[in-house]
Amino acid sequence: MMFFIFTSILLVTACEKTPDTGMLDDDYLVYTNYDDETEFNKFSTFYVPDSVLIIENDSNKPKYLYATPESNLIISNFVKGMNNAGYTRVFDKSTADLGLQISYIEDTYRFRYYNDYPWWASYPWYWSWYYWGNWGGWYWPYSITYSYSTGSILGELVNLTEPVSSTRSLKVVWSCYMSGLLNSKGTLDSNNVQESIQQAFMQSSYLKK
């Protein structure tokens, strides 16, 4: 589901497999997708890292937003959305049913499209497979591609309940993409961040315990 929001007007569009967001970075966009075979009410707990991965042009070393006003704002609003959906946060990822990973696209010119996973998964420091366990990689069971984005937030839920295997891919069961979050100074607007994350959960009514 994809929503474009201009000031106080909400334009609701039909679900699209490959939304062309290349020309929409200045607009308030909230896009969500999910695995329609996943029974979300079977999950109870979730784990979220205490930092937000920064995706940018300089990929020489990983960078994270950690214990900053921006990262605290982003993470706390995602946690609130998950709590409101009936899930409980745990601080030991080995006991969690779901893993919530959050990334911030600070600046990127990557244009890579694949049939089974989106372009940002090719970023060198994108949440490595071993972070969530000894998995063989990633798997999005739905089509999802994006083009150039700046000042955007990505949120993805991965299923951690299946038996771990180095030959099996870790399934992403829900994802959200939010753009148009910057203010006139080129920094994250706290109101836009809160509203966009809230909107992502609002339009994902299936995501509930």
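## A guided tour, from the whole chain to two buried residues

Of the 209 residues of the protein, 53% count as buried. Keep in mind as you look around that this is a predicted model.

**Stop 1: the whole chain.** Show everything as a cartoon and colour by secondary structure. You should find 2 helices and 11 strands. Following the chain along its sequence, the order is β-β-β-β-β-β-α-β-β-β-β-β-α. Now switch on the surface: the protein exposes about 10,100 Å², and carbon and sulfur atoms supply 50% of that area. Among contacts with a separation of 6 or more, 76% join residues 24 or more positions apart.

**Stop 2: the two helices.** Select residues 69–84, which form helix 1, and residues 190–202, which form helix 2. How many degrees is the angle at which they pack? It is about 25 degrees, and the axes lie 10 Å apart. Helix 1 and helix 2 are therefore roughly parallel to each other, and their crossing is right-handed.

Next, show side chains where the helices meet. From helix 1, pick Leu73, Ile74, Asn77, Phe78, Gly81 and Met82. Facing them from helix 2 are Ser190, Val193, Gln194, Ile197 and Phe201. Sorted by class, this contact holds 7 nonpolar and 4 polar residues, with no charged ones.

**Stop 3: Val173.** Move on to strand 11, residues 169–179, and select Val173 within that strand. Is Val173 buried or exposed? Its relative accessibility is 0%, so Val173 counts as buried. To see what surrounds Val173, leave aside neighbours within four places in sequence and display its contacts: Asn33, Tyr34, Asp35, Thr38, Phe40, Leu98, Tyr142, Leu157 and Asn159. Then try your distance tool on Val173 and Trp140: they are 33 residues apart in sequence, and their C-alpha atoms are 7.2 Å apart in space.

**Stop 4: Ser103.** For the last stop, go to strand 8, residues 98–105, where you will find Ser103. With a relative accessibility of 1%, Ser103 counts as buried, because the cut-off for buried is under 20%. Which residues does Ser103 touch, not counting those up to four places away in sequence? Select Val52, Leu53 and Ile55, then Tyr126 and Trp127, and finally Ser152, Ile153 and Leu154 to bring up the set.

**Looking back.** Put Val173 and Ser103 on screen together to end the tour: Val173 sits in strand 11, and Ser103 in strand 8.

Conventions
Residues numbered from 1 in each chain as written. Predicted model: local features only at pLDDT ≥ 70, side-chain atom pairs only at ≥ 80, totals over all residues. Heavy atoms only, no water. Axes fitted to C-alpha atoms, helices over the stretch in contact; angles between N-to-C directions. Helix = DSSP H or I, 4+ residues; strand = E, 2+ residues; numbered from the N terminus. Parallel < 35°, antiparallel > 145°, perpendicular 65-115°, else oblique. Left-handed = near helix turned anticlockwise from the far one by under 90°. Contact = heavy atoms within 4.5 Å. Nonpolar A, V, L, I, M, F, W, Y, C, P; charged D, E, K, R; others polar. Buried < 20%, exposed > 50% of the residue type's maximum accessible area, 1.4 Å probe, protein only. Areas by Shrake-Rupley, 256 points an atom, 1.4 Å probe, with all protein chains shown as cover.
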